[in-house]
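Thank you for making the time this morning. I would like to take you through one structure, beginning with its interior and then turning to its rings, its charges and a few of its loops.

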Amino acid sequence: MTSLLTHNIKRGKNRLATWFTTGVSIAAIGAISMTAPTLANAKSIEPSSANYSFTVEDKYKGTATRTLSQSGNIWNYKVKARVAGIASASQSSAFTITGNNVSPTKASTTYKLLGIGRTHKLDFNSASKKVTSNYKGKTTTMNMAQQAFDDLSLEVQIRQDLLNGKFSGNYYMAKKNKVEKTPFKKSGNTKITVPAGTFDTVRVDRIHDDNSRSTSFWLAPSLDYLPVKVSQINDGKKMDLELTKLN
């Protein structure tokens, strides 16, 4: 029984790694010009801390904690997630918010699966319009004609845009070796119930090129559009994440 479970876990390790580096971070959620004017009276999100539970393939159950803090002009967003005995992940992002615009400076993602770990780091330089990626000892410097984001700072930019009525759906994300256009769309308003309570939400869907994939986010306006639920399907396998507690 134990050997069979171990075999199944190993066979699915690549899929689990995908969840930890995209789904659990919640972001894997018009083009923003780095010289675009900011809003003089833009609304801004507030620091927060929240706990989540998630299920992968109806087999693996885990927990995640997300903490957004501010120190002077610097914001830090940190996520920690784990499936007991199998996998763990941590993400961090540092950025500034000027008016409505989020400008990331650095980000890091580390995950461990069955004792084997990887780390991906990003360094952003908005002045030179460059972002540098470091993964598995390889350093890649990429151009960003429009402001690019890591997973967490992208989530914050989407939330800022929703707060200020500026959501257009077109964003750019820095990957390991390229900057990729990452479009989203609003799909209506709905009331949903999760372990933390019942919330009015705006549903935002990521637009995938592959029809077998889907990613949906339910964001609560009363919580500065904090995600209260995320549902992702990849290759027929499903991941669900729900808010359990606001700290």
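What follows is a walk through the side chains of this model, which is a predicted one.

Let me begin with the interior. The largest nonpolar core has 47 residues, and those with the most contacts inside it are Phe 54, Phe 95, Phe 184, Val 228 and Leu 243. If you ask which element gives the most to this core, it is helix H3, covering residues 151-163, with six residues. There is also a second, separate core, this one of nine residues, and Leu 122, Val 131, Ala 148 and Ala 174 are among them. As background, nonpolar side chains in soluble globular proteins tend to be buried together.

Phe 95 is a good place to look at the packing in detail. Once residues up to four places away in sequence are set aside, Phe 95 touches a list of partners that includes Leu 68, Ile 74, Trp 75, Tyr 77, Val 102 and Pro 104. That list also includes Ser 153 and Val 156, and both of these positions fall in the range of helix H3, residues 151-163.

Now to the aromatic rings, where the structure holds three pairs. In one of them, the ring centres of Phe 167 and Tyr 171 are 6.2 Å apart and the planes stand at 45 degrees, so this pair is tilted. Another pair is formed by Tyr 171 and Phe 184, again with 6.2 Å centre to centre, but with 70 degrees between the planes, which makes it edge-to-face. Because Tyr 171 lies in strand S9, residues 170-174, and Phe 184 in strand S10, residues 179-194, this pair ties together parts that are 13 residues apart in sequence.

Are these rings buried or exposed? Phe 167 and Tyr 171 are both buried; for Tyr 171 the relative accessibility is 1%, and Phe 184, at 3%, counts as buried as well. Taken together, the ring pairs link Phe 167, Tyr 171, Phe 184 and Phe 217 into a cluster.

Rings also meet charges in this model. The charged end of Lys 176 sits over the ring of Tyr 135, at 4.9 Å from its centre, while Lys 229 lies over the face of Trp 218, at 5.1 Å from the ring centre.

That brings me to the salt bridges, of which the structure holds seven. I will start in helix H3, where Arg 159 forms a salt bridge with Glu 155, with 3.1 Å between the closest N and O atoms. These two residues are four apart in helix H3, so about one helical turn separates them, and both Arg 159 and Glu 155 are buried.

A second bridge reaches further along the chain: Glu 180 pairs with Arg 206, the closest N and O atoms being 3.8 Å apart, and it links distant parts of the chain, with Glu 180 in strand S10 and Arg 206 in strand S11, residues 197-206, 26 residues apart. Here Glu 180 is partly exposed, at 24% relative accessibility, whereas Arg 206 is buried, at 12%.

The side chains of Asp 200 and Lys 191 also meet in a salt bridge, at 2.8 Å from N to O. Asp 200 is partly exposed, with a relative accessible area of 49%, and Lys 191 is exposed, at 55%. Elsewhere, salt bridges that share partners join Arg 66, Glu 155 and Arg 159 into one network.

I will finish with three loop residues. Lys 178 lies in the loop between S9 and S10 and is partly exposed, at 42% relative accessibility. Its side chain makes a polar contact with the side chain of Glu 180, at 3.2 Å, and, leaving aside neighbours within four places in sequence, Lys 178 is in contact with Met 142 and Met 173. The C-alpha atoms of Lys 178 and Ser 133 are separated by 8.8 Å, although these residues are 45 apart along the chain.

Most residues other than glycine have a negative phi. Lys 129, in the loop between strands S6 and S7, nevertheless has a positive phi of about 55 degrees, and Lys 129 is partly exposed, at 37%. Tyr 225, in the loop between strands S12 and S13, likewise has a positive phi, of about 65 degrees, but Tyr 225 is buried, with a relative accessible area of 13%.

Notes
Residues numbered from 1 in each chain as written. Predicted model: local features only at pLDDT ≥ 70, side-chain atom pairs only at ≥ 80, totals over all residues. Heavy atoms only, no water. Core = buried A, V, L, I, M, F, W, Y, C linked by side-chain atoms within 4.5 Å. Buried < 20%, exposed > 50% of the residue type's maximum accessible area, 1.4 Å probe, protein only. Contact = heavy atoms within 4.5 Å. Phe/Tyr/Trp six-rings, centres within 6.5 Å; stacked < 30°, edge-to-face > 60°. Lys NZ or Arg CZ within 6 Å of the ring centre and 35° of its normal. Salt bridge = Lys/Arg side-chain N within 4 Å of Asp/Glu carboxyl O. Polar contact = N/O pair within 3.5 Å; in protein donor to acceptor, adjacent residues only side chain to side chain.
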